[in-house]
Amino acid sequence: SSSRDGKNALFRVAADGSGKPELVVETEAYAVPNSWAPDGKTLVFIQHGADKKNHLWTVTIPGGKAVRLHEGDSTELNGEVSPDGHWVAYESTESGNSEIYVQPFPGSGSKTRISTEGGSVPRWAHNGKELFFWNFNADRQLFVVDVQPGTVFRAGLPQLMFKAAAGTTWDVAADGKRFLVETPASGGGGRRMEVVVNWFEELNRRVPVKR
């Protein structure tokens, strides 16, 4: 995500850092990429709307036009396309609380509510048979739901996996047994980066070089 040259846009670049960033799509407002479809041609992203809320959009490249996933005034976040590319899980406040839903992808279709008492930041298991999400309403609990993502989507009831002081940045390993979870800094404070200017001059002052 970048606002270089005064224009909001999404870019992509090789994971090994080679090459230059390539424009994916210019956006009307600040946007954040969420998830690629498995074919690498359709991107789901969040864009801040004129109504001061976040909404989910999709764009097909190259040359596609960005379109809203849904119309309406609900806040939508964290769109994640399933491994088979047929479904998208996302977070919505349409019920008045943040909950997880799944609907056909791309395009519209009947949606299924996955969470029952709050849900955020969903992630699919790599085999497509489980969907994980966090409940941040109370003790920051991670839940898993068994799903059948065939021609008709079916989902079981959420099952508690564990509790953790987790943030919104996280992922599940390919084997579905390990999780990489961002945790808050100890003491309740946020992490910070400090920049020291004129470092070499200070080093020479503190530790003079004998010639």
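I began with terms: helices and strands are DSSP runs, a helix having at least four residues and a strand at least two, and they are numbered from the N terminus. Counted in this way, the secondary structure of the protein, which I looked up in a predicted model, comes to one helix and 17 strands.

**Overall extent.** I then noted that the C-alpha atoms fill a box of roughly 80 × 45 × 35 Å along the principal axes. Of the 211 residues in the protein, I found that 36% are buried.

**The largest pocket.** Next I looked for open space, and I recorded about 250 Å³ in the largest pocket. Which elements give two or more residues to its lining? I found strand 7 (76-81), strand 11 (120-124) and strand 16 (170-172). Among the lining residues I wrote down Ser35, Glu80, Arg123, Trp124, His126 and Asp171. When I sorted the lining by character, the residues divided into five nonpolar, three polar and three charged.

**The nonpolar patch.** I turned last to the surface, where Val196, Trp199, Phe200, Leu203 and Val207 make a nonpolar patch of about 520 Å². From this group I picked out Phe200, and I located Phe200 in helix 1, which covers residues 199-206. Is Phe200 buried or exposed? I entered Phe200 as exposed, because its relative accessibility is 58% and the cut-off for exposed is over 50%.

Terms used:
Residues are numbered from 1 along each chain as its sequence is written. This is a predicted model: local features need pLDDT of at least 70, side-chain atom pairs count only at pLDDT 80 or more; totals for chains, interfaces and linings use all residues. Side-chain values use heavy atoms; hydrogens and water are left out. Patches are made of residues with over 30% relative accessible area and no salt bridge: like charges are joined within 9 Å, nonpolar side chains (Val, Leu, Ile, Met, Phe, Trp, Tyr) within 5 Å. Accessible areas come from the Shrake-Rupley method with a 1.4 Å probe; for residues, only the protein chains shown count as cover. A salt bridge is a side-chain nitrogen of Lys or Arg within 4 Å of a carboxyl oxygen of Asp or Glu. Buried means under 20% relative accessible area, exposed over 50%, partly exposed in between (1.4 Å probe, protein chains only). On a 1 Å grid over the protein atoms alone, a cavity is a set of points where a 1.4 Å probe fits but cannot get out, and a pocket is an open set with protein on both sides within 12 Å along at least five of seven lines; lining residues have an atom within 4 Å of a point. Grid points are joined across faces, edges and corners, and a volume is the space filled by probe spheres set on the points. Ala, Val, Leu, Ile, Met, Phe, Trp, Tyr, Cys and Pro count as nonpolar, Asp, Glu, Lys and Arg as charged, and the others, Gly among them, as polar.
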